[in-house]
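The exercises below concern helix packing and burial in one protein chain. Work through each task with the structure open, then compare with the solution.

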Amino acid sequence: MSVLGNIDSEFIDILLRNTGALSSDNLKLTELQTPDCLGEEIKEFAYLIAKLVLRKDAKVRRRFRRLIPPEKMMRLSEMIYAIRSEEDFKKFRL
């Protein structure tokens, strides 16, 4: 049984990669399409990530990193990875 229910695993993979990639200008960002089946909180988060990814100018992402430290974005990416499956979730440690 998936912790994510009916959320597409490809969407989660892109979301976690982009979340981690926002921690640096040197990492590749991938365009993100947000599915309608998401809850409001994750939908808002995915929308923010997608908006940052679409920006061609890295200046906005750098401003974002001044508000949210890169280490926290990497940690959040690890948390998103952990919810991909029950096994990954059980192995995850804060």
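**Exercise 1: α1 and α4**

In this predicted model, the axes of helix α1 (residues 9-21) and helix α4 (residues 70-82) come within 7 Å and cross at roughly 165°. Axes are lines fitted to C-alpha atoms, for helices over the stretch in contact, with angles from 0 to 180 degrees between N-to-C directions; helices are DSSP runs (H or I, at least four residues), numbered from the N terminus.

Sources: residues are numbered from 1 along each chain as its sequence is written. Local features need pLDDT of at least 70 and side-chain atom pairs pLDDT 80 or more, while totals for chains, interfaces and linings use all residues, and side-chain values use heavy atoms, without hydrogens and water.

Task: classify the orientation of α1 and α4, and list the residues that meet.

Solution.
1. Angles over 145 degrees count as roughly antiparallel, and α1 and α4 are therefore roughly antiparallel to each other.
2. From α1, Ile 12, Leu 15, Leu 16, Thr 19 and Gly 20 meet Met 73, Met 74, Leu 76, Ser 77, Ile 80 and Tyr 81 of α4. Contact means heavy atoms within 4.5 Å.
3. By class, the residues of this contact are eight nonpolar, three polar and no charged. Ala, Val, Leu, Ile, Met, Phe, Trp, Tyr, Cys and Pro count as nonpolar, Asp, Glu, Lys and Arg as charged, and the others, Gly among them, as polar.

**Exercise 2: α1 and α2**

Task: find how α1 is oriented to α2, and which residues make the contact.

Solution.
1. The axes of α1 and α2 come within 10 Å and cross at roughly 60°.
2. That makes α1 oblique to α2; oblique covers angles that are not under 35, over 145 or 65 to 115 degrees.
3. Phe 11, Leu 15, Asn 18 and Thr 19 of α1 make the contact with Ile 42, Phe 45, Ala 46, Ile 49 and Val 53 of α2.
4. Seven nonpolar, two polar and no charged residues make up the contact of α1 with α2.

**Exercise 3: the core and Arg 65**

Task: state how many residues the largest nonpolar core has, and whether Arg 65 is buried or exposed.

Solution.
1. A nonpolar core is a set of buried Ala, Val, Leu, Ile, Met, Phe, Trp, Tyr and Cys residues joined through side-chain atoms within 4.5 Å.
2. The largest one has 17 residues, and those with the most contacts inside it include Phe 11, Ile 12 and Leu 15. At least two residues of this core come from each of α1, α2 (40-54) and α4.
3. Arg 65, in helix α3 (residues 58-67), is buried, with a relative accessible area of 13%. Buried means under 20%, exposed over 50%, and partly exposed in between (1.4 Å probe, protein chains only).
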